[in-house]
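Me: Please take a close look at one part of the model below. I would like the cut-offs stated along with the values.

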Amino acid sequence: MSMAVAGLLAGMALGFAGYFGGFGAFLLVAALGAIGFVVGRFLDGDLEPGDLFRPRGRDDRRGPR
């Protein structure tokens with residue numbers, strides 16, 4: 001599935017949730033979608049568990065020299 005189709009489906013799900021369930025349902029669907037995205041990236045191997053909790057080093061904040 002292409003990213004455009006995935007975005008279309010996510011937008012439609014958020015639209016239906018917002019229309020039928022109100023703003024609270026919209027936020028719930030958006031939050032669960034974000035959690036599902038992170039879990040999916042983790043299961044695909046694109047994301048390591050430490051990537052979410054590792055503090056940045058001093059050199060990362062300065063940017064390029």
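Reply: What follows looks at helix α1, after a short account of the model and the chain.

This is a predicted model, in which local features need pLDDT of at least 70 and side-chain atom pairs count only at pLDDT 80 or more, while totals for chains, interfaces and linings use all residues. Residues are numbered from 1 along each chain as its sequence is written, and side-chain values use heavy atoms, with hydrogens and water left out.

The chain has three helices and zero strands, in the order α-α-α along the sequence. Helices here are DSSP runs of H or I with at least four residues, strands are runs of E with at least two, and both are numbered from the N terminus. The mean pLDDT of the chain is 79, and 85% of the residues score at least 70; pLDDT is the predictor's confidence in each residue, on a scale from 0 to 100. Confidence is highest in α1, with a mean of 85, and lowest in helix α3 (residues 58–62), with a mean of 55.

Burial is scarce: 3% of the 65 residues count as buried. Buried means under 20% relative accessible area, exposed means over 50%, and partly exposed covers what lies in between (1.4 Å probe, protein chains only). The chain exposes about 5700 Å², of which carbon and sulfur atoms supply 67%. Accessible areas come from the Shrake-Rupley method with a 1.4 Å probe, and for residues only the protein chains shown count as cover.

Helix α1 spans residues 3–44. A nonpolar surface patch is formed by Met1, Val5, Leu8, Leu9, Met12, Phe16, Tyr19 and Phe20, together offering about 970 Å² of accessible area. Patches take residues with over 30% relative accessible area and no salt bridge, joining like charges within 9 Å and nonpolar side chains (Val, Leu, Ile, Met, Phe, Trp, Tyr) within 5 Å. A salt bridge is a side-chain nitrogen of Lys or Arg within 4 Å of a carboxyl oxygen of Asp or Glu. Leu9, one of the patch residues, lies in α1 and is partly exposed because its relative accessibility is 45%.

Three other members of the patch, Phe16, Tyr19 and Phe20, form one aromatic cluster. Rings of Phe, Tyr and Trp (its six-membered ring) pair if their centres lie within 6.5 Å; planes under 30 degrees apart count as stacked, over 60 as edge-to-face, and the rest as tilted. The count by this rule is three aromatic pairs. Phe16 and Phe20 are stacked, because their ring centres are 6.0 Å apart and their planes lie at 10°. These two residues are four apart in helix α1, which means about one helical turn separates them. Tyr19 and Phe20 are edge-to-face, because their centres are 4.9 Å apart and their planes lie at 85°. Phe20 has a relative accessible area of 63%, so Phe20 counts as exposed; Tyr19 is exposed too.

Ala17, also in α1, is buried because its relative accessibility is 13%. Contact means heavy atoms within 4.5 Å, and beyond residues up to four places away in sequence, Ala17 touches Gly22, Ala25, Phe26 and Val29. Val29 is twelve residues from Ala17 in sequence and 7.0 Å away in space, C-alpha to C-alpha. Ala25 belongs to α1 and is partly exposed, at 23% relative accessible area. The C-alpha atoms of Ala25 and Gly15 are 10.0 Å apart, with their positions ten residues apart along the chain.

Further along α1 is Val38, which is partly exposed at a relative accessible area of 33%. With residues up to four places away left out, Val38 touches Leu47 and Leu52. Leu52 is 14 residues from Val38 in sequence, and their C-alpha atoms are 9.7 Å apart.
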